[in-house]
Amino acid sequence: MKRRLLTLAAFLLVILLAACGNNDSNAESADGGNDNNNEVITVGYQKGNTINILKERGNLDEALEEAGYSIDWREFPTGSVLLEALNTNNIDFGHASDGNGVFMQSGGHDINYVASEAPYPEGVALVAKAESDIESVEDLEGKTIGVTKGGNQHYLLLEALEEAGVSLDDVEIRYYKDASEGLIAFTQDEFDVYGSWDPYLAIVESQIDTRTIVNGTDFSENRTFYFATDELVNDNPEVVSIILEELQNVDQWSNENKEEVAEILAEQLGLDGEPLELANNRRTFGVESMKEEIIDSQQRLADVFYESGLLENDIQVEDAVNVEDIDLPENVD
């Protein structure tokens, strides 16, 4: 059993390294560059996410070409690296997690939220091995929990502990670097509870007998956000509208074709399709405008991280929402 778990961990490490193989902000266009005189829009993405599906489907390339633009796709290993590229104008548009957004803003960097993906609360969870005596958040007292620092599972843990009345002083939090490192530590009993996120959560659940202690339902919306540069928002707001429209189109297609989405992402990530189907079946794809309740939810995350000493500075998320000049497409609410 132990050998099988370690083999799974090694497999995840290979996946993560493969995903990082062409991932810095100077990566060449996936399409080989611009062969015409159209203005080039550079879009950043991470493997396995909605913009990755958009890229593979090709509908944004066609829509931008019809509007007189060309697209340059850039792949990044993490949302934090992507936002750094956005902040330095190496890309025009991209996506990152809720935590990435608040850390970037707290660090004094300019970011522009232009839209959000639909919430994905079941895509983040704290799990224990099935033979563990841990059955609830209250049982975490005196236990060791592994999370990525500032990750979606870290936020889930903080919120769940507060709701259960368990003090941070009564648990030991250990940070791991990536999904492979965390899984190895979990299999070797270096911590009792493993905080993970899809698709890696689904991989673990499909290979190891685990018990879900808590997921994001009622605690974390686990959102991905879309960001754009000042220049794109101010000078080419119609491009932002086109991108959001095509994102929503591909999201609606994804909701109706989850098995095919799993096949696309399995090929991109070098994974078996079954856990990706599991991950897709517990989410709803969709683009949402930056409504007040979404901003409030993101503000809650920022406040919790600040109060926990994770953020350098207190921030107001609404200061980074810049959508006044964007005519949202009709298919985005």
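The dialogue below goes through the core, the charged pairs and the rings of a predicted model.

User: Where should I start, and which residues have the most contacts inside the largest nonpolar core?

Analyst: Start with the general idea: in soluble globular proteins, nonpolar side chains tend to be buried together. In this predicted model, the largest nonpolar core has 53 residues, and Phe93, Tyr194 and Leu247 have the most contacts inside it. Helix 10, residues 237–256, supplies the largest share of this core, with eight residues. There is also a second, separate core of 28 residues; Leu82, Ala96, Ile294 and Ile295 are included in it.

User: How many salt bridges are there in the whole structure?

Analyst: A salt bridge pairs a side-chain nitrogen of Lys or Arg with a carboxyl oxygen of Asp or Glu, within 4 Å. The search of the whole structure gives twelve. In one of them, the side chains of Arg74 and Asp72 meet at 2.9 Å, N to O.

User: Are Arg74 and Asp72 buried or exposed?

Analyst: Both Arg74 and Asp72 are buried. Compare another bridge, in which Lys143 and Asp133 meet at 3.8 Å, N to O. Lys143 and Asp133 are ten residues apart, and each lies in the loop between strand 5 (124–129) and strand 6 (144–147). Lys143 counts as partly exposed because its relative accessibility is 22%, while Asp133, at 58%, is exposed.

User: Which parts of the chain does the bridge between Glu162 and Arg300 link?

Analyst: The side chains of Glu162 and Arg300 meet at 3.5 Å, N to O. Glu162 is in helix 6 (residues 152–164) and Arg300 is in helix 13 (residues 292–307), 138 residues apart. Glu162 has a relative accessible area of 55%, so Glu162 is exposed. Arg300, with 34%, is partly exposed. Salt bridges can also join into a network, as they do for Glu159, Glu162 and Arg300.

User: How do I read the surroundings of a single residue, and what is Thr144 in contact with?

Analyst: First place the residue, then list what it touches. Thr144 lies in strand 6 and is buried, with a relative accessible area of 10%. Apart from neighbours within four places in sequence, Thr144 is in contact with Glu172, Arg174, Glu190, Phe191, Asp192 and Val193. With Glu172 there is a polar contact between the two side chains, at 3.4 Å.

User: How many aromatic pairs are there, and what do the angles tell me?

Analyst: The count is twelve aromatic pairs. Ring planes over 60 degrees apart count as edge-to-face, and those under 30 degrees apart as stacked. Tyr113 and Phe225 are edge-to-face, at 85 degrees between the planes and 5.1 Å centre to centre. Because Tyr113 lies in strand 4 (residues 113–117) and Phe225 in strand 10 (residues 224–228), the pair ties together parts 112 residues apart in sequence. Tyr113 counts as buried at 0% relative accessibility, and Phe225 counts as buried at 1%. The planes of Phe186 and Tyr194 are at 25 degrees, with centres 5.3 Å apart, so this pair is stacked. Phe186 and Tyr194 are both buried.

User: Which residues do ring pairs link into a cluster?

Analyst: The cluster consists of Tyr176, Phe186, Phe191 and Tyr194.

User: Which ring does the charged end of Arg57 sit over?

Analyst: A charged side chain can be placed over the face of a ring. The charged end of Arg57 sits over the ring of Trp253, 3.8 Å from its centre. Arg283 lies over the face of Tyr120, at 4.4 Å from the ring centre.

Key:
Residues numbered from 1 in each chain as written. Predicted model: local features only at pLDDT ≥ 70, side-chain atom pairs only at ≥ 80, totals over all residues. Heavy atoms only, no water. Core = buried A, V, L, I, M, F, W, Y, C linked by side-chain atoms within 4.5 Å. Buried < 20%, exposed > 50% of the residue type's maximum accessible area, 1.4 Å probe, protein only. Helix = DSSP H or I, 4+ residues; strand = E, 2+ residues; numbered from the N terminus. Polar contact = N/O pair within 3.5 Å; in protein donor to acceptor, adjacent residues only side chain to side chain. Contact = heavy atoms within 4.5 Å. Phe/Tyr/Trp six-rings, centres within 6.5 Å; stacked < 30°, edge-to-face > 60°. Lys NZ or Arg CZ within 6 Å of the ring centre and 35° of its normal.
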